[in-house]
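Subject: Structure handover

Dear colleague,

I am passing on the structure we spoke about, and below it I have set out what came up when I went through it. Please read the notes with the coordinates open beside them.

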Amino acid sequence: MRRALMFLAATLISLPLWAMHCPQDMAKIDALLQSDPPTDPEVLAKVKELRAEGEALHKAGDHAESVKVLSEALDLLSASE
């Protein structure tokens, strides 16, 4: 029981950290799209789609999934360089 309570407390404490990470990732994506957008239109469209999905998930409160989706967009951007 004590272990479960400790896990729950740790989870609740870490939620704001996930929430603050999403805007940082969105800002990174926006900066990369401004400074060095991918030349492949399909990659560009996919990155924009993932960026929008990540923002929607962030606003909905699903920060873990938002970070995952935004990370995928950042990976696509770094792979297209």
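A helix here is a DSSP run of H or I that is at least four residues long, and helices are numbered from the N terminus. In that sense Glu55 and Arg51 belong to helix α2, where, being four residues apart, they are separated by about one helical turn. Please keep in mind throughout that this is a predicted model.

Overall picture

The chain contains three helices and zero strands, and from the N terminus on its elements follow the order α-α-α. Of its 81 residues, 26% count as buried, while the area that the chain exposes comes to about 5700 Å², with carbon and sulfur atoms supplying 62% of it. If one takes the contacts between residues at least 6 apart in sequence, 67% of them join residues that are at least 24 apart.

As for confidence, the mean pLDDT of the chain is 83, and 77% of its residues reach 70 or more. Within the chain, confidence is lowest in α1, with a mean of 72, and highest in α2, at 94.

The core

In soluble globular proteins, nonpolar side chains tend to be buried together. In this model, the largest nonpolar core has 14 residues, and those with the most contacts inside it are Cys22, Ile29, Leu33, Val47, Leu70, Ala73 and Leu77. Helices α1 (2–35), α2 (41–60) and α3 each supply at least two residues of this core, and α3 gives the most to it, with six residues.

Helix α3 covers residues 63–79, which makes 17 residues, and it reaches 24 Å from its first C-alpha to its last, close to the 24 Å expected at 1.5 Å a residue. The buried residues of α3 are His63, Ser66, Val67, Val69, Leu70, Ala73, Leu74 and Leu77. One of these, Ala73, touches Ile29, Val47 and Leu50, when residues up to four places away in sequence are not counted.

Arg51 and its salt bridges

Which residues does Arg51 touch, if those up to four places away in sequence are not counted? They are Met26, Ile29, Asp30 and Leu70. Arg51 has its place in helix α2, and with a relative accessible area of 16% it is buried, because the cut-off for that label is under 20%. Arg51 and Ser66, which are 15 residues apart in sequence, are 9.1 Å apart in space, C-alpha to C-alpha.

A search of the whole structure finds four salt bridges, and I describe some of them here. Asp30 forms a salt bridge with Arg51, in which the closest N and O atoms are 2.9 Å apart. Asp30 lies in helix α1 and Arg51 in helix α2, so this pair ties together parts that are 21 residues apart in sequence. Asp30 itself is partly exposed, with a relative accessible area of 31%.

The side chain of Arg51 also meets that of Glu55 in a salt bridge, at 2.6 Å from N to O. Glu55, at 27% relative accessibility, counts as partly exposed. Glu55 in turn forms a salt bridge with Lys59, where the closest N and O atoms are 3.4 Å apart. Lys59 and Glu55 are likewise four residues apart in helix α2, and therefore separated by about one helical turn. Lys59 is exposed, with a relative accessible area of 66%. Salt bridges that share partners thus join Asp30, Arg51, Glu55 and Lys59 into one network.

If you look at one region in the viewer, I would suggest the surroundings of Arg51, a buried residue that takes part in salt bridges with Asp30 and with Glu55.

With best wishes

Key
Residues are numbered from 1 along each chain as its sequence is written. This is a predicted model: local features need pLDDT of at least 70, side-chain atom pairs count only at pLDDT 80 or more; totals for chains, interfaces and linings use all residues. Side-chain values use heavy atoms; hydrogens and water are left out. Buried means under 20% relative accessible area, exposed over 50%, partly exposed in between (1.4 Å probe, protein chains only). Contact means heavy atoms within 4.5 Å. Accessible areas come from the Shrake-Rupley method with a 1.4 Å probe; for residues, only the protein chains shown count as cover. The expected span of a helix is 1.5 Å times one less than its number of residues. A nonpolar core is a set of buried Ala, Val, Leu, Ile, Met, Phe, Trp, Tyr and Cys residues joined through side-chain atoms within 4.5 Å. pLDDT is the predictor's confidence in each residue, from 0 to 100.
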